[in-house]
Amino acid sequence: MEFTLTGLRVVREIAERGTFSAAAESLGYTQSAVSRQIAAVERAAGATVFERTRDGAVPTPAGRVILRHAATVLDAVDAVERELRGMPAETGHVRLGAIPSAGAVMLPRALTILRRTHPGIAVTSREGSTPALTRSLRAGTIDLAILAVGPPFRALDAEKPALRTETLLERELCVAVPASDPLAGNDSVHIDDLAGRRWIASVGAGGEDLLGVWPGLAERAEIAHVTRNWLTKLQLVAAGCGLTTVPASMITAMPAGVRVLTVRGGPKESRRLIAACPPGRQPESVVRVLTALRAASRQV
């Protein structure tokens, strides 16, 4: 049994991106080259590594075993390359993923706390949607993630063992309106007054469902704009181009020209901000970052 580093990197990228084609684009390979690498890994393993489903490529039990060990091997190789280039070995390095709304409020506060309490821990971060970051945790390309979940608050995925999760915040979902809108003169809005309005939605890097339309609308919503960037979405609201949903925890991050209102007359819509990490005992550096996230959540 012999695995190549390229093969392990391809396996990890497919698990993170969710499809062969997305992995090929990310790595700069052709899709046929990615398929050849997976075929070689499967020959070495003597088992199928990915199951192709309607939702994309899902790791098989054998694939999950390979992924678990690939993270250790590839991180060690990266450390060797850094040392050979004369770079000091990184100690206490945590790779953190965060949904965009957490990046606007929670993440900066947590990193400020961490610099004060444990300045030797280095954190690198990247944004993504909850499904994409969940795949990244499984693939071993991030160590910790700040994610958002809504009712009925199910497990992040169906894989076993389950990811470890902890609720950092639970906040009411609100609606952001232009300050010039007639609705902006109130602290709340009735759900019936949202009928017939234009909406501004965001979409995750993986192309998951659109976010930004009030979930309880009785009609099909008119989506006027779609963006991947939260700041763009809020600036479009400020410009009077439509409404969007925001968690109450983001009120302090609203740009000028945007008012945030609670919604009356329908079922309460709440969202949880959670921290998630792989199952099992975590390195001390991850525990320290999680502690900083808890402290930051108490400030929001």
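Strands are DSSP runs of at least two residues, numbered from the N terminus. In this predicted model, a good place to start is the loop between β5 (144-149) and β6 (164-178), where proline 152 has its place. The peptide bond that leads from proline 151 to proline 152 is cis, and its omega is near 10°. Proline 161 is also found in the loop between β5 and β6. Lysine 160 and proline 161 are joined by a cis peptide bond as well, with omega at about -5°. For context, most peptide bonds are trans, and most residues other than glycine have a negative phi.

Phenylalanine 153 belongs to this part of the chain too, being placed in the loop between β5 and β6. Its backbone deserves a look: phi of phenylalanine 153 is near 55°, a positive value in a residue other than glycine. With a relative accessible area of 24%, phenylalanine 153 is partly exposed, since the partly exposed class begins where buried, under 20%, ends. The face of the phenylalanine 153 ring has a companion in arginine 272, which lies over it at 3.8 Å from the ring centre.

A second point of interest is a meeting of aromatic rings. Such a pair is described by the distance of the centres and the angle of the planes. The count for this model comes to one aromatic pair. In it, the ring centres of phenylalanine 20 and phenylalanine 50 are 6.1 Å apart and the planes stand at 75°, so the arrangement is edge-to-face. Distant parts of the chain are linked in this way, as phenylalanine 20 sits in helix α2 (residues 20-27) and phenylalanine 50 in strand β1 (residues 50-53), 30 residues apart. Phenylalanine 20 counts as buried, at 7% relative accessibility, and phenylalanine 50 is buried with a relative accessible area of 6%. Phenylalanine 20 has a further neighbour: arginine 52 lies over the face of its ring, 3.9 Å from the ring centre.

Helix α2 also takes part in a helix pairing. Two packed helices are described by the angle between their axes and the distance between the axes. For helix α1 (residues 5-17) and α2, the axes come within 8 Å and cross at roughly 120°. The two helices α1 and α2 are therefore oblique to each other, and their crossing is right-handed. On the α1 side the contact is made by Val10, Glu13, Ile14 and Arg17, which meet Phe20, Ala22, Ala23, Ser26 and Leu27 in α2. Phe20 thus appears twice in this account, in the contact with α1 and in the ring pair with phenylalanine 50.

Technical notes: Residues are numbered from 1 along each chain as its sequence is written. This is a predicted model: local features need pLDDT of at least 70, side-chain atom pairs count only at pLDDT 80 or more; totals for chains, interfaces and linings use all residues. Side-chain values use heavy atoms; hydrogens and water are left out. Rings of Phe, Tyr and Trp (its six-membered ring) pair if their centres lie within 6.5 Å; planes under 30 degrees apart count as stacked, over 60 as edge-to-face and the rest as tilted. Helices (H or I, at least four residues) and strands (E, at least two) are DSSP runs, numbered from the N terminus. Buried means under 20% relative accessible area, exposed over 50%, partly exposed in between (1.4 Å probe, protein chains only). A charge sits over a ring if NZ of Lys or CZ of Arg is within 6 Å of the ring centre and within 35 degrees of the ring normal. Axes are lines fitted to C-alpha atoms, for helices over the stretch in contact, and angles run from 0 to 180 degrees between N-to-C directions. Angles under 35 degrees count as roughly parallel, over 145 as roughly antiparallel, 65 to 115 as roughly perpendicular and the rest as oblique. A crossing is left-handed if the near helix is turned anticlockwise from the far one by less than a right angle, and right-handed if clockwise. Contact means heavy atoms within 4.5 Å.
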